[in-house]
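Here is a quick walk through a model, written for someone who would rather look at the structure than read a table. Have the viewer open and follow along.

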Amino acid sequence: QEDLILEDGARRRTRGYLFDTAHELVEFGCTERVCLHLTLPLDCPCSLDTDLVRVNFRCRVDLTVKTVGGSGFSNLRLNLPVTVVHG
């Protein structure tokens, strides 16, 4: 996500990126662990934080869980901040 920082300190989102996505079905009582590999392209921007612009990255994990009784679904979201550097 790329944010513009205005003179009054307000922030405005200017651009968003989606680099990779993955999904896995989990069966209750049978699945102990899930490992997913996500890849950033070689030309992706790196994390940046200046007085004028901020480029930050998040790893977002969305879980869809069947409700008790099986009549519907609930969504859980986990956002993890990630620092991207080129080495």
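## The four-stranded sheet

Start with the open sheet: four strands in the order β2-β1-β4-β3, paired antiparallel. Because β2 and β3 (48–49) each have a single partner strand, they stand at the edges, and one side of each is left without a neighbour in the sheet. Keep in mind as you look around that this is a predicted model.

Now for the middle of that order. Strand β1 (residues 2–5) and strand β4 (residues 53–55) run antiparallel and are joined by three bridges. If you want one pair to click on, take Leu-4, whose bridge partner in β4 is Val-53. As general background, strands of a sheet pair through backbone hydrogen bonds, either parallel or antiparallel.

## Arg-11 on an edge strand

Arg-11 sits in strand β2 (residues 11–15). With a relative accessible area of 47%, Arg-11 is partly exposed, since the exposed class begins over 50%.

Which residues does Arg-11 touch, not counting those up to four places away in sequence? They are Leu-4, Ile-5 and Arg-54. Arg-54 is 43 residues from Arg-11 along the chain, yet their C-alpha atoms are separated by 9.2 Å.

## The β5–β6 hairpin

Next, move on to β5 and β6, which run antiparallel and are joined by 10 bridges. One pair to look up is Phe-57 and its bridge partner in β6, Val-82. The two strands form a hairpin with six residues between them.

Gly-69 lies in the loop between β5 and β6, and in this turn Gly-69 has a positive phi of about 95°. Is Gly-69 buried or exposed? It is exposed, with a relative accessible area of 79%. For a sense of distance, pick Ser-47: Gly-69 and Ser-47 are 22 residues apart along the chain, and their C-alpha atoms are separated by 44 Å.

## Salt bridges on the hairpin

How many salt bridges does the structure hold? There are two, and they link Arg-60, Asp-62 and Arg-77 in a network. Asp-62 takes part in both: its side chain meets that of Arg-60 at 3.2 Å, N to O, and that of Arg-77 at 2.7 Å, N to O. The Arg-77 pair links distant parts of the chain, with Arg-77 in strand β6 (residues 73–82) and Asp-62 in strand β5 (residues 57–66), 15 residues apart.

How open are these side chains to the outside? Asp-62 has 41% relative accessibility and counts as partly exposed. Arg-60, at 48%, is partly exposed too. Arg-77 comes out at 54%, so it counts as exposed, because that class covers values over 50%.

## Cysteines without a disulfide

In general terms, a disulfide is a covalent bond between the sulfur atoms of two cysteines. How many disulfides does this structure hold? Zero. Take Cys-30: the nearest cysteine sulfur belongs to Cys-35 and is 17 Å away. A disulfide needs the two sulfur atoms within 2.5 Å, so this pair does not qualify. Cys-30 has 57% relative accessibility and counts as exposed.

Cys-59 is in no disulfide either, and its nearest cysteine sulfur is again that of Cys-35, this time 13 Å away. Cys-59 has 26% relative accessibility, so it counts as partly exposed.

## The largest pocket

Finally, have a look at the largest pocket, which holds about 1,500 Å³ of space. Of the 37 residues lining it, the closest to its centre are Ala-22, Leu-36, Arg-60, Val-61 and Asp-62. Two of those names should ring a bell: Arg-60 and Asp-62 are the salt-bridged pair from above.

Which elements give two or more residues to the lining of this pocket? They are β5 and β6. The largest share of the lining, 10 residues, comes from β5. So if you centre your view on Asp-62, you have a residue of strand β5 that is among those closest to the pocket centre and that belongs, with Arg-60 and Arg-77, to the salt-bridge network.

Conventions: Residues are numbered from 1 along each chain as its sequence is written. This is a predicted model: local features need pLDDT of at least 70, side-chain atom pairs count only at pLDDT 80 or more; totals for chains, interfaces and linings use all residues. Side-chain values use heavy atoms; hydrogens and water are left out. A salt bridge is a side-chain nitrogen of Lys or Arg within 4 Å of a carboxyl oxygen of Asp or Glu. Buried means under 20% relative accessible area, exposed over 50%, partly exposed in between (1.4 Å probe, protein chains only). Contact means heavy atoms within 4.5 Å. Two strands pair if DSSP finds at least two bridges between them. On a 1 Å grid over the protein atoms alone, a cavity is a set of points where a 1.4 Å probe fits but cannot get out, and a pocket is an open set with protein on both sides within 12 Å along at least five of seven lines; lining residues have an atom within 4 Å of a point. Grid points are joined across faces, edges and corners, and a volume is the space filled by probe spheres set on the points.
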